[in-house]
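Trainee: I would like to learn how to read enclosed spaces and helix packing in a structure. Could we work through one case together, step by step?

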Amino acid sequence: MVLALSATLVAAQSPAAKPRVVVLATGGTIAGAGASVANSATYQAAKVPVDKLIAGVPELADVAQVRGEQVFQIASESFTNDKLLQLGKRVSTLLKDPAVDGIVITHGTDTLEETSFFLNLVVQNDKPVVIVGSMRPGTSMSADGMLNLYNAVVVAGSAQARGKGVLVAMNDEIHSGRDVAKRVNIKTSAFTSQWGPLGMVVEGRTYWFRLPAKRHTAGSEFDIDKIDSLPEVQVVYGSGNMSLELYDAVQRSGAKAIVHAGTGNGSVANYAVDKLRSLRSQGLQVIRSSRVGDGFVLRNSEQPDDKYDWVVAHDLNPQKAKILAAVALTKTADPKELQRIFWEY
């Protein structure tokens, strides 16, 4: 009895076990190196391996049990569909391991928003997945990667982060992987969400202010374990005096959908309407998005989408619309179903 009571007291007084976090490294600026400390915009990405990244932030051991895996070592503009699938499947496998409480993915910033949205759609698990990058290489003055990585591990190990979808930790803020976008290319405050961040990380503690409203992760109908390829989807950027040959090139590429990154409210020039209608009649899905940073595309405004059998991207920017279209097309080619998916995700 005395021994049992002593053991109970010791267990009650011992500190809680630290969360177990896996850092999956894919390269990017956070793993970059410049020629001198003055080089913050001129450098080589994807140079530092994951073990050195982790060792460079010894304070990580204070907040989690951390181990690393090198998945890729590339600049993120070189991400392909195959790499998205490979990363997604590895994330899914790790999250099923009861010895893993959360995952951090170090990533280049150029396509970080696409990868975070893709994982948000297809990883059916409520454990935290946090994407992190940096705008300056670790060799530069005022490098942001160390603190970003520390904050990401804090979030990934936080019980409060569960069920909030794939997250992005940058510049002390916690963003939804669905909403976040890179808006500036040379500032550490590059990533913002038009609907605002979900929370912040301050001195190793998370603070939450809102929840994501759209379907994601554990509540998604898409499962990375059942997706082995993604159909091709291409973006055509809207501007004045457009060449219609751009649309023809997308069709010749074998794409299953075209995202029209229109001006304003996803507008389509009067001389391009017949071309897009023709492509739709030949089976190519037409999705109206907008090149404008904020706002959302209204259905049947500017163009009669119901009549033309087109889809609108809602508030998703063209690159995120491309990701959702590719994932959705693994399930359906019905434009009405595609529109439902764009509303819900």
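Trainee: Which residues line the largest cavity?

Mentor: Keep in mind throughout that this is a predicted model. A cavity is read from the residues around it, and here the lining of the largest cavity consists of N125, D126, K127, P128 and V129, then A161, R162, G163, K164, G165 and V166, and also T217. By class, that lining divides into 4 nonpolar, 4 polar and 4 charged residues.

Trainee: How many cavities of 30 Å³ or more does the structure hold, and how much space lies in the largest cavity?

Mentor: The structure holds 1 cavity of 30 Å³ or more, and about 40 Å³ of space lies in the largest cavity.

Trainee: Turning to the pockets, what is the volume of the largest pocket, and which residues lie nearest its centre?

Mentor: For a pocket, it helps to take the volume first, then the residues at the centre, and then the elements that supply the lining. The largest pocket has a volume of about 390 Å³, and of the 27 residues that line it, S290, V292, G293, N317 and P318 lie nearest its centre. Two or more lining residues are given by each of β7 (181–182), β13 (285–290) and α10 (318–328), and the largest share, 3 residues, comes from α10. By class, the lining of the largest pocket has 8 nonpolar, 10 polar and 9 charged residues.

Trainee: Which elements supply at least two residues each to the lining of the second largest pocket?

Mentor: Those elements are α4 (81–95), α5 (112–122), β11 (233–237) and α10, with α10 giving the largest share of the lining, 4 residues. The second largest pocket holds about 320 Å³ of space, and its lining comprises 19 residues, of which N81, L84, E114, K322 and I323 lie nearest the centre. By class, the lining of this second largest pocket has 9 nonpolar, 6 polar and 4 charged residues.

Trainee: Since α10 supplies lining residues to the second largest pocket, I would like to see how it packs. At roughly what angle do the axes of α5 and α10 cross?

Mentor: A helix pair can be read from its angle and distance, then its handedness, and finally the residues that meet. The axes of α5 and α10 cross at roughly 30 degrees and come within 9 Å, and their crossing is right-handed. On the α5 side the contact is made by E113, E114, S116, F117, F118, L121 and V122, and on the α10 side by Q319, K320, I323, L324 and V327. By class, this contact of α5 with α10 has 7 nonpolar, 2 polar and 3 charged residues.

Trainee: How do α10 and α11 pack, and why are they described as oblique to each other?

Mentor: The axes of α10 and helix α11 (residues 335–344) come within 10 Å and cross at roughly 130 degrees. An angle between 115 and 145 degrees is neither roughly perpendicular nor roughly antiparallel, and α10 and α11 are therefore oblique to each other. In this right-handed crossing, A321, L324, A325 and A328 of α10 meet L338, I341 and F342 of α11. The residues of the contact of α10 with α11 divide into 7 nonpolar, no polar and no charged.

Trainee: As a last case, which residues of α7 and α8 meet, and at what angle do these helices pack?

Mentor: Helix α7 (residues 245–252) and helix α8 (residues 273–281) pack at an angle of about 10 degrees, with their axes 10 Å apart. Angles under 35 degrees count as roughly parallel, and α7 and α8 are therefore roughly parallel to each other. The crossing of α7 past α8 is right-handed, and Y247, D248 and Q251 in α7 meet K275, L276 and L279 in α8. By class, the residues of this contact of α7 with α8 divide into 3 nonpolar, 1 polar and 2 charged.

Definitions and conventions. Residues numbered from 1 in each chain as written. Predicted model: local features only at pLDDT ≥ 70, side-chain atom pairs only at ≥ 80, totals over all residues. Heavy atoms only, no water. Axes fitted to C-alpha atoms, helices over the stretch in contact; angles between N-to-C directions. Parallel < 35°, antiparallel > 145°, perpendicular 65-115°, else oblique. Left-handed = near helix turned anticlockwise from the far one by under 90°. Contact = heavy atoms within 4.5 Å. Nonpolar A, V, L, I, M, F, W, Y, C, P; charged D, E, K, R; others polar. 1 Å grid on protein atoms, 1.4 Å probe; cavity = no way out; pocket = protein on both sides within 12 Å on 5 of 7 lines; lining within 4 Å. Points joined across faces, edges and corners; volume = space filled by probe spheres on them.
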